[in-house]
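Notebook open, coffee ready. I want to see how the helices pack and what sits in the middle.

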Amino acid sequence: MRAVLQRVSRAQVSVKGEVVGSIREGVLVLLAVGGEDEEADAAYLPEKTAGLRIFQDEAGKMNRSVEDVGDQVLVVSQFTLFGDCRRGRRPGFSQAAPPELADRLRARAERPGRRRLRRRAGRLFAVLPAE
């Protein structure tokens with residue numbers, strides 16, 4: 001499983017003009033599921049994301065987590081994070097999970113664990129222009 005986390009003041013994802021997910025201040029997660037990923041990998045991600053201290057406190061230090069700034073997380077499926085560009089001009093995606101596994105583990109990664117975060121999700125296999 002690969003994830004890119006980005007602190008955002010706001011984020012929104014639309015599919016064919018329909019907004020499918022939006023948040024205010026929080027974390028945008030671009031998530032890719034690999035072919036060898038398991039339920040445990042997907043369960044780990046929400047806990048880790050919630051606890052990361054990546055937001056500044058009043059003193060300017062990175063001491064606040066997404067839980068401290070409003071609990072907003074937007075998860076967007078992004079299988080292209082598994083793109084292998086080492087050879088040729090066309091990336092290979094053989095390390096990415098097949099659609100059924102990717103959808104199941106993505107859904108698990110979007111479910112809050114012990115921590116209660118407000119999560120939004122994009123759609124799997126859609127072109128998702130992020131705003």
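I started with the two helices, α1 and α2: their axes come within 7 Å and cross at roughly 30 degrees. Angles under 35 degrees count as roughly parallel, so I wrote down α1 as roughly parallel to α2. Note to self: this is a predicted model.

Next I looked up the handedness, and α1 passes α2 in a right-handed crossing.

Which residues make the contact? On the α1 side I listed E39, A42, A43, L45 and P46. On the α2 side I found R104, L105, R108 and A109. Then I sorted the contact by class: 6 residues are nonpolar, 3 are charged and no polar ones turn up.

Then I moved on to the largest nonpolar core, which has 17 residues. Which members touch the most other members? I got V27, V29, L31, F55 and V66. I also checked where the core residues come from: β4 (26-32), α1 (39-51), β7 (72-77) and α2 (99-110) each supply at least two. The top giver is α2, with 4 residues.

There's a second core too, separate from that one, with 9 residues. Among them I spotted V13, V15, I23 and L74.

Last entry: F55, one of the well-connected names from the largest core. I skipped anything up to four places away in sequence and looked at what F55 still touches. R7 is on the list, and so are E25, G26 and V27. A further run goes K61, M62, N63, R64, S65 and V66, and V69 finishes the list for F55.

Notes. Residues are numbered from 1 along each chain as its sequence is written. This is a predicted model: local features need pLDDT of at least 70, side-chain atom pairs count only at pLDDT 80 or more; totals for chains, interfaces and linings use all residues. Side-chain values use heavy atoms; hydrogens and water are left out. A nonpolar core is a set of buried Ala, Val, Leu, Ile, Met, Phe, Trp, Tyr and Cys residues joined through side-chain atoms within 4.5 Å. Buried means under 20% relative accessible area, exposed over 50%, partly exposed in between (1.4 Å probe, protein chains only). Contact means heavy atoms within 4.5 Å. Axes are lines fitted to C-alpha atoms, for helices over the stretch in contact, and angles run from 0 to 180 degrees between N-to-C directions. Angles under 35 degrees count as roughly parallel, over 145 as roughly antiparallel, 65 to 115 as roughly perpendicular and the rest as oblique. A crossing is left-handed if the near helix is turned anticlockwise from the far one by less than a right angle, and right-handed if clockwise. Ala, Val, Leu, Ile, Met, Phe, Trp, Tyr, Cys and Pro count as nonpolar, Asp, Glu, Lys and Arg as charged, and the others, Gly among them, as polar.
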